[in-house]
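Ready for a few short exercises on reading contacts and strand pairing? Have your viewer open, and try each task before you read its solution.

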Amino acid sequence: MEGERTVLLRSGAVKVRLRHSSRARRLRLVLVPGVGPELVVPARTGAKAIDGALKTLAPWLERALARQQPGALGLARPGVAWHGGEEVPLRIVAAARPSAGWRAGALELRAPDAEGASAALERWYRSSARAELDASIERQAPALGVAPKAVAVRDQRTRWGSCSSRGTLSFSWRLLLAPAWVLEDVVCHELCHLRVANHSPAFWGLFAVHRPAADSRPWLRAHGGELAAYRPADSIGAP
């Protein structure tokens with residue numbers, strides 16, 4: 001059973017979504033990109049405990065929301081798509097079957113209507129993300145002495161990358177919207193998990209050897225919500 005609570009902060013009232021989980025062992029407040037504040041609630045937790053936790057965690061929520069206020073990327077602009085954090089001009093052409101491809105310095109979307117153009121753009125994002133991710137893995141995996149069993153590209157909005165116990169790496173196609181170094185950083189992070197499954201000092205030491213001058217976490221904390229909220233339809237101008 002889901003629900004929500006309103007928390008009064010110094011900056012104003014904020015709605016917090018409640019997500020009940022049978023696997024959760026404690027009340028936990030998180031900021032979910034594209035969703036906002038979410039309180040993870042263990043089974044059989046009463047309303048009094050929920051309200052008490054929100055009161056205790058309100059100062060943390062105020063600080064966390066303040067950190068999310070840096071300047072927006074401006075992703076939701078009609079006529080503009082994104083690749084490696086760079087603007088890509090769009091051209092939309094009426095056609096019976098949706099497709100996408102480069103032509104005359106722009107990404108040309110051919111489709112019968114706005115919905116078809118949006119679908120074509122999302123397919124382009126996914127295929128382009130796959131190409132960039134595969135290339136990044138090919139560059140970085142040999143130095144780490146690892147090789148993923150498989151690579152999946154999905155529409156993950158709360159985890160930009162993940163590594164399964166079977167050695168499968170999963171990434172969000174939305175990393176293509178971010179600067180290229182962010183994608184490279186996330187790929188290295190997941191490749192390191194093929195050697196060290198946790199976030200122990202050994203893991204971070206390994207990561208630092210291979211990405212000594214990069215840390216995508218602050219950038220993703222600042223802009224991840226905008227990446228998650230972006231819709232390909234925003235670039236088409238569709239409602």
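The exercises below work through a predicted model, and each task is followed by a worked solution.

**Exercise 1. The open sheet**

Find the order of the four strands in the open sheet, and say which strands lie at its edges.

Solution. Start with the order: the four strands run S5-S6-S8-S7, and their pairing is mixed. Next, look for strands that pair on one side only; these are S5, residues 80-83, and S7, residues 99-103. Then compare directions: neighbouring strands of this sheet are turned by 35° against each other on average, with direction ignored.

Now take one edge of the sheet. S7 pairs with S8 (residues 106-111) in the antiparallel sense, over five bridges. One residue to check here is Trp102, whose bridge partner in S8 is Leu107. Trp102 also belongs to an aromatic cluster, where ring pairs link it with Trp124, Tyr125, Trp173 and Tyr230.

**Exercise 2. A salt bridge and its network**

Decide whether Glu108 is buried or exposed, and find the arginines that share a salt-bridge network with Glu108.

Solution. Glu108 has a relative accessible area of 6%; this is under the 20% cut-off, so Glu108 is buried. Its side chain meets that of Arg103 in a salt bridge, at 3.4 Å from N to O. Arg103 has 48% relative accessibility and therefore counts as partly exposed. Finally, follow the shared partners: salt bridges join Arg91, Arg103, Glu108 and Arg110 into one network.

**Exercise 3. One glutamate, two arginines**

The structure holds 15 salt bridges. Which strands do Glu38 and Arg17 tie together?

Solution. First check the contact: the side chains of Glu38 and Arg17 meet at 2.1 Å, N to O, in a salt bridge. Then place the residues. Glu38 lies in strand S4 (residues 36-42) and Arg17 in strand S2 (residues 12-21), so the pair ties together parts that are 21 residues apart in sequence.

Glu38 also forms a salt bridge with Arg19, at 2.8 Å from N to O. This pair again links distant parts of the chain, with Arg19 in strand S2 and Glu38 in strand S4, 19 residues apart. As a last step, look at accessibility. Glu38 is buried at 5%, whereas Arg17 is partly exposed at 33% and Arg19 is partly exposed at 30%.

**Exercise 4. Rings around Trp204**

Classify the geometry of the Phe203 and Trp204 rings, then describe what else meets Trp204.

Solution. A pair of aromatic rings is described by the distance of the centres and the angle of the planes. The count in this model comes to seven aromatic pairs. For Phe203 and Trp204, the centres are 4.9 Å apart and the planes stand at 85°; an angle over 60 degrees counts as edge-to-face, so that is the class of this pair.

Trp204 forms another edge-to-face pair with Phe207, at 5.8 Å centre to centre and 85° between the planes. Why are Trp204 and Phe207 separated by about one helical turn? Because they are three residues apart in helix H4, which covers residues 201-210.

Next, add the charge: Arg217 lies over the face of Trp204, 4.3 Å from the ring centre. To finish, compare how open the three aromatic residues are. Phe203 is buried at 0% relative accessibility, Phe207 is buried with 7%, and Trp204 is partly exposed with 26%.

Definitions and conventions: Residues numbered from 1 in each chain as written. Predicted model: local features only at pLDDT ≥ 70, side-chain atom pairs only at ≥ 80, totals over all residues. Heavy atoms only, no water. Pairing = 2+ DSSP bridges. Axes fitted to C-alpha atoms, helices over the stretch in contact; angles between N-to-C directions. Phe/Tyr/Trp six-rings, centres within 6.5 Å; stacked < 30°, edge-to-face > 60°. Buried < 20%, exposed > 50% of the residue type's maximum accessible area, 1.4 Å probe, protein only. Lys NZ or Arg CZ within 6 Å of the ring centre and 35° of its normal. Salt bridge = Lys/Arg side-chain N within 4 Å of Asp/Glu carboxyl O.
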